[in-house]
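Work through the exercises below with the sequence and the coordinates open. Each task is followed by a solution in steps.

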Amino acid sequence: MRSPGFMALLFVASCSDPVHDDAVLALGPEALGVPPGPGHRPGQPCSECHDGRGPGNLVFSLAGTVYRSPGSRIPLPGAIVRFVDSALQTRQAATNCAGNFFVLEDDFEPAWPVWTKVHFAGIEQPMGSPIFRERSCAKCHADPAGPTSAGPVHLVPDDFPLPPSTCP
Amino acid sequence: MRSARFSTPSRVAVTALLIVLVSCSGAPNQEKTFVLPSREQFATVGLAIGAHCGTLDCHGDPARNMRVYGINGQRLNAFDVTGFGGTTEDELRATYESIVVLQPEVLAAAVQAGGAGDDWLVLGKGRGRIQHAGGQQLVPGGAADRCVTSWVAGLFDDAFRIACEQGAIVAAPIEDF
């Protein structure tokens, strides 16, 4: 007869997903001085932790980080990220001081594909292709740009003047 | 003597192994040839498939079995960047090879029959009629679907060209959002 402790361990182990666990672990620890919350981990694939399997509490439908320009790595707060899906559902989210934005799954279950644009200071920047299934921008927009990444999401070229950030 | 003691069993083992090997081998495979859809006419088909299937979150991801190369997904050249520059000839060739080697017998039969059906995985999955994580990306009768089926059928007329041109665009249902 197995002990209840062993059975509990077996149950927990059978429910874990080693691929997910490894992906979360690969993101590394929180940045120094930035607590978990809306401003943490800019540029990382949000849905790795916020897909319902944890460790993030909230479940995101779509989430990411917007930068001012491709080479700046300066976040773009106050931008509006807009979405429309194939069922004509529209949603929008504002970026915070880290450049992060998210749409909760409770608010939006997209009918894929989803098209998106970033709006800021009268500028509209549409994404070149639709999103077919990925909920994290950073999965396809990892840094740096290369043969398997379009590079970080950004609004304008590096030399384009934008109003200064209102964030501290 | 140690070696003498094991010589007979070793000989038996080697003989048995040979028998097993010989019994498992047959006549060398005869070379098979398949008549596959046109490589020359694939360029516009590849662009349509790239638009519908080849983004980084789908078959433009190097982890997928059926890899699609091009501007929307993985680039063949290490110096190219996703989202920039056009899909290259080499990428179209690589995508063509990805697609035709999936089920060469089924595809060749479709070419011979003058058209493909859902038993060809590209159509069956693309149309969402076979379990497909990406769902339905080719609407039967839609531009991209007509582009692919005409290519397999060898119908390279104006309708084919128009279907492929339209199929290469996956436009938002509304512009103003």
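A residue is called buried under 20% relative accessible area, exposed over 50%, and partly exposed in between (1.4 Å probe, protein chains only). The model is predicted, so local features need pLDDT of at least 70 and side-chain atom pairs count only at pLDDT 80 or more, while totals for chains, interfaces and linings use all residues. Residues are numbered from 1 along each chain as its sequence is written, chains are lettered from A in the order in which they are written, and side-chain values use heavy atoms, with hydrogens and water left out.

**Exercise 1. The fold of chain A**

Task: Determine how many helices and strands chain A has, and in which pattern they follow.

Solution.
- Step 1. Take DSSP runs, numbered from the N terminus: helices are H or I of at least four residues, strands are E of at least two.
- Step 2. Count them: chain A has three helices and six strands.
- Step 3. Read along the sequence: the pattern is α-α-β-β-β-β-β-β-α.
- Step 4. Add the dimensions. The C-alpha atoms fill a box of roughly 70 × 40 × 30 Å along the principal axes.
- Step 5. Add burial. Of the 168 residues in chain A, 39% are buried.
- Step 6. Check the contacts, defined as heavy atoms within 4.5 Å. Among those in chain A between residues at least 6 apart in sequence, 57% join residues at least 24 apart.

**Exercise 2. Salt bridges in chain A**

Task: Locate the partners of Arg53(A), Glu30(A) and Arg135(A), and state which parts of the chain each pair joins.

Solution.
- Step 1. Apply the rule: a side-chain nitrogen of Lys or Arg within 4 Å of a carboxyl oxygen of Asp or Glu. Over all chains, the search finds 14 salt bridges.
- Step 2. Arg53(A) pairs with Asp17(A) at 2.8 Å, N to O. Arg53(A) sits in the loop between H2 and S1, and Asp17(A) in the loop between helix H1 (4-15) and H2, so the bridge ties parts 36 residues apart in sequence. Arg53(A) is partly exposed because its relative accessible area is 49%. Asp17(A), at 28%, is also partly exposed.
- Step 3. Glu30(A) pairs with Arg41(A), with the closest N and O atoms 3.3 Å apart. Both lie in the loop between H2 and S1, so this bridge ties parts eleven residues apart in sequence. Glu30(A) is partly exposed at 29%, and Arg41(A) is partly exposed at 21%.
- Step 4. Arg135(A) pairs with Glu109(A) at 3.1 Å, N to O. Arg135(A) is in the loop between strand S6 (123-126) and H3, and Glu109(A) in the loop between strand S4 (100-104) and S5, so the bridge ties parts 26 residues apart in sequence. Glu109(A) is partly exposed at 40%.

**Exercise 3. One acidic residue**

Task: Is Glu48(A) buried or exposed? Find its surroundings too.

Solution.
- Step 1. Place the residue: Glu48(A) lies in the loop between helix H2 (18-26) and strand S1 (60-65).
- Step 2. Glu48(A) counts as buried because its relative accessibility is 14%.
- Step 3. Leave aside neighbours within four places in sequence. The contacts of Glu48(A) then include His20(A), Val24(A), Gly54(A) and Lys139(A).
- Step 4. Look at the side chains. Glu48(A) and Lys139(A) share a polar contact of 3.2 Å. The term means a pair of N or O atoms within 3.5 Å; within protein, one must be able to donate a hydrogen and the other to accept it, and residues adjacent in sequence count only if both atoms are side-chain atoms.

**Exercise 4. Backbone checks**

Task: Which peptide bond leading to Pro55(A) is cis, and what is phi of Arg73(A)?

Solution.
- Step 1. The bond from Gly54(A) to Pro55(A) is cis, with omega near 0°. Pro55(A) is in the loop between H2 and S1.
- Step 2. The bond from Asp143(A) to Pro144(A) is cis as well, with omega near 5°.
- Step 3. Arg73(A) is not a glycine, yet its phi is positive, near 60°. Arg73(A) is in the loop between S1 and S2.

**Exercise 5. The interface**

Task: Describe how chain A meets chain B.

Solution.
- Step 1. 24 residues of chain A contact 29 residues of chain B.
- Step 2. The rule finds zero salt bridges across this interface.
- Step 3. Nine residue pairs are in polar contact there, both at pLDDT 80 or more.
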